[in-house]
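Here is a short briefing on one protein model. Look at the sequence and the structure first, then read the points by topic.

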Amino acid sequence: MDNSNIASMFEMLDSSNKGSISFIQYKEALKTLGLCTADEVLKDDGHGVTFETFRNEVYICPTSLQAFARKL
């Protein structure tokens, strides 16, 4: 799983091409990837989540990304 795969995932979530996704989309993506649990508390700062933030969070666990990619 490389940066282009992560970018593709982010682009699917950012269908309006705003350059950010909502906190809810972000948390659901992390849960889908197995990088957080449903009861885990994540801080919502009220701003959208940028690609940089998304990439930094999901790139920490390539095995989970491979599992996600198989679901697509």
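Helix α2 spans residues 23-32, and its buried residues are Phe23, Tyr26, Lys27, Ala29 and Leu30. These buried residues line one face of the helix, because they fall within an arc of 160 degrees when seen down the axis of α2. The model is a predicted one. It holds 4 helices and 2 strands.

**Overall layout**
- Along the sequence, the elements follow the pattern α-β-α-β-α-α.
- The protein has 72 residues, of which 28% count as buried.
- Take the contacts in the protein with a separation of 6 or more: residues 24 or more positions apart account for 64% of them.

**Around α2**
- What covers the buried residues of α2? The cover includes α1, β1, β2 (49-50) and α3.
- Gly34 follows α2, and its phi is positive, near 75 degrees.

**Helix α1 and its two sides**
- α1 runs over residues 3-13, with Ile6, Ala7, Met9 and Phe10 buried.
- These four cover an arc of only 160 degrees around the axis, which puts them on the same side of α1.
- Glu11 and Met12 are exposed, on the other side of α1.

**Packing of α1 against α3**
- Two packed helices are described by the angle between their axes and by the distance between those axes.
- For α1 and α3 (residues 51-58), the axes come within 10 Å and cross at roughly 125 degrees.
- α1 and α3 are therefore oblique to each other.
- Is their crossing left-handed or right-handed? The crossing of α1 and α3 is right-handed.
- On the α1 side, the contact is made by Asn3, Ile6, Ala7, Met9, Phe10 and Leu13; on the α3 side, by Phe51, Phe54, Arg55 and Val58.
- By class, this contact of α1 with α3 has 8 nonpolar, 1 polar and 1 charged residues.
- Ile6, Ala7, Met9 and Phe10 thus appear twice, as buried residues of α1 and among the residues that meet α3.

**The loop between α1 and β1**
- Both Asp14 and Asn17 sit in this loop, which leads to β1 (20-21).
- Is Asp14 buried or exposed? With a relative accessible area of 6%, Asp14 is buried.
- Leaving aside neighbours within four places in sequence, Asp14 is in contact with Gly19, Ser20 and Ile21.
- Asp14 and Thr50 are 36 residues apart along the chain, and their C-alpha atoms are separated by 9.7 Å.
- Asn17 counts as exposed, at 65% relative accessibility.
- The phi of Asn17 is near 55 degrees, which is a positive value in a residue other than glycine.

**Val49 in strand β2**
- Val49 belongs to strand β2.
- Val49 counts as buried, at 7% relative accessibility.
- Which residues does Val49 contact, leaving aside its neighbours within four places in sequence? They are Phe10, Gly19, Ser20, Ile21, Ser22, Phe23, Tyr26 and Phe54.
- One of these, Phe10, is a buried residue of α1, while Phe23 and Tyr26 are among the buried residues of α2.
- Phe54, also in contact with Val49, is one of the α3 residues that meet α1.
- From C-alpha to C-alpha, Val49 and Lys27 are 9.9 Å apart in space, with their positions 22 residues apart in sequence given as the separation.

Notes:
Residues numbered from 1 in each chain as written. Predicted model: local features only at pLDDT ≥ 70, side-chain atom pairs only at ≥ 80, totals over all residues. Heavy atoms only, no water. Buried < 20%, exposed > 50% of the residue type's maximum accessible area, 1.4 Å probe, protein only. Arc of directions from axis to C-beta. Axes fitted to C-alpha atoms, helices over the stretch in contact; angles between N-to-C directions. Parallel < 35°, antiparallel > 145°, perpendicular 65-115°, else oblique. Left-handed = near helix turned anticlockwise from the far one by under 90°. Contact = heavy atoms within 4.5 Å. Nonpolar A, V, L, I, M, F, W, Y, C, P; charged D, E, K, R; others polar.
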